[in-house]
Amino acid sequence: MSNSFMGEGFGGRRGHGAEGWPGAAVWDAMEQLRGQFDRKAGTRMGRGDVRAAVLALLAEKPMHGYQIIHEIEERSGGAWKPSPGSVYPTLQLLADEGIIGAEESNGRKTYSLTDEGRRLADAAPDQPAPWEAQGARDTGRATALPKAGIDLAQAAAQVGRSGNPEQVKQAVAVLDEARRKLYSILAQD
């Protein structure tokens with residue numbers, strides 16, 4: 001498994017004798033946790049979803065590409081962050097279709113709906129934005145819980161990288177306690 005959220009600068013952990021490192025078990029557990037969430041919390045949406053999201057946002061106000069990406073990520077609770085490689089071609093396609101227009105200012109293109117785009121947006125007022133449709137089905141499994149787990153994994157990895165042996169020991173105790181508390185939540189049913 002890749003150490004993508006930590007980079008490869010972790011002293012070449014894989015295959016270079018790191019198994020003797022005191023926090024190796026913590027690191028491996030955190031990698032497993034991250035892998036579980038990566039599989040269950042899919043962040044890919046379809047092409048039509050990018051188009052619908054862009055149109056929904058531009059119906060509210062003009063924005064530039066980075067704002068669109070940021071707004072989608074924020075409104076989806078971090079569950080969906082479209083790549084520039086999906087947003088910018090969508091913007092270009094919408095401009096080619098005459099649905100949006102672009103105005104350049106300070107080296108940035110700000111996109112807004114054309115009259116045709118406004119008619120399209122007005123014709124489908126009850127259509128939920130893609131992040132709303134996702135949110136209606138989400139019970140925390142696809143957004144909040146995986147994000148919290150990944151944040152926890154990153155904090156544990158930071159202690160593993162920077163902490164002394166006593167700090168690593170304390171971190172292991174905190175993680176053990178957190179695990180027990182999580183299982184006790186399930187036991188309440």
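What follows is a chat between a trainee and a mentor about this predicted model.

Trainee: Okay, the basics: how many helices and strands does the chain have?
Mentor: Eight helices and three strands. Starting at the N terminus, the order is α-α-β-α-α-β-β-α-α-α-α.

Trainee: And what share of the residues is buried?
Mentor: Buried residues are 29% of the 189 in the chain. The accessible surface comes to about 12,000 Å², and carbon and sulfur atoms hold 52% of that.

Trainee: What about contacts between residues 24 or more positions apart?
Mentor: They account for 57% of the chain's contacts, counting those with a separation of 6 or more.

Trainee: Before I lean on any of this, what's the average pLDDT?
Mentor: The chain averages 75, and 67% of the residues score at least 70.

Trainee: Where does pLDDT stay under 50?
Mentor: One such stretch is residues 38-48, where the model has eight contacts beyond four places in sequence. Residues 134-138 are also below 50, and that stretch has two contacts beyond near neighbours in sequence.

Trainee: Good to know. Switching to helix packing: at what angle do H3 and H4 pack?
Mentor: About 125°, with the axes 10 Å apart. H3 covers residues 65-75 and H4 covers residues 84-96.

Trainee: So what do we call that arrangement, and which hand is the crossing?
Mentor: At that angle H3 and H4 are oblique to each other, and their crossing is right-handed.

Trainee: Which residues make the contact?
Mentor: On the H3 side, Gly65, Tyr66, Ile68 and Ile69. H4 brings Pro84, Val87, Tyr88 and Leu91.

Trainee: While we're in H3, there's glutamate 71. Buried or exposed?
Mentor: Glutamate 71 counts as buried, because its relative accessibility is 17% and the cut-off for buried is under 20%.

Trainee: What does glutamate 71 touch?
Mentor: Leu57 and Met63, once you leave out residues up to four places away in sequence.

Trainee: Now the other helix pair, H7 and H8. How do they pack?
Mentor: H7 and H8, the latter being residues 165-187, pack at about 160° with axes 9 Å apart. That makes H7 and H8 roughly antiparallel, and the crossing of H7 and H8 is left-handed.

Trainee: Which residues meet there?
Mentor: From H7 you have Leu152, Ala156, Val159, Gly160 and Ser162. They meet Gln167, Val168, Ala171 and Leu175 in H8.

Trainee: Let's zoom in on valine 159. Where does valine 159 lie?
Mentor: In H7, which spans residues 144-162. Valine 159 is partly exposed, because its relative accessibility is 27%.

Trainee: And what is valine 159 in contact with, setting aside neighbours within four places in sequence?
Mentor: Gln167, Val168 and Ala171. As for glutamine 170, its C-alpha atom and that of valine 159 are separated by 9.6 Å, with the two residues eleven apart along the chain.

Trainee: Last topic: the loop between E2 and E3. Which residue there could I look at?
Mentor: Try asparagine 106, which lies in that loop, with E2 at 100-105 and E3 at 108-113. Asparagine 106 isn't a glycine, yet it has a positive phi of about 55°.

Trainee: Why is asparagine 106 classed as exposed?
Mentor: Because its relative accessible area is 79%, and exposed means over 50%.

How values were computed:
Residues numbered from 1 in each chain as written. Predicted model: local features only at pLDDT ≥ 70, side-chain atom pairs only at ≥ 80, totals over all residues. Heavy atoms only, no water. Helix = DSSP H or I, 4+ residues; strand = E, 2+ residues; numbered from the N terminus. Buried < 20%, exposed > 50% of the residue type's maximum accessible area, 1.4 Å probe, protein only. Contact = heavy atoms within 4.5 Å. Areas by Shrake-Rupley, 256 points an atom, 1.4 Å probe, with all protein chains shown as cover. pLDDT = per-residue confidence, 0-100. Axes fitted to C-alpha atoms, helices over the stretch in contact; angles between N-to-C directions. Parallel < 35°, antiparallel > 145°, perpendicular 65-115°, else oblique. Left-handed = near helix turned anticlockwise from the far one by under 90°.
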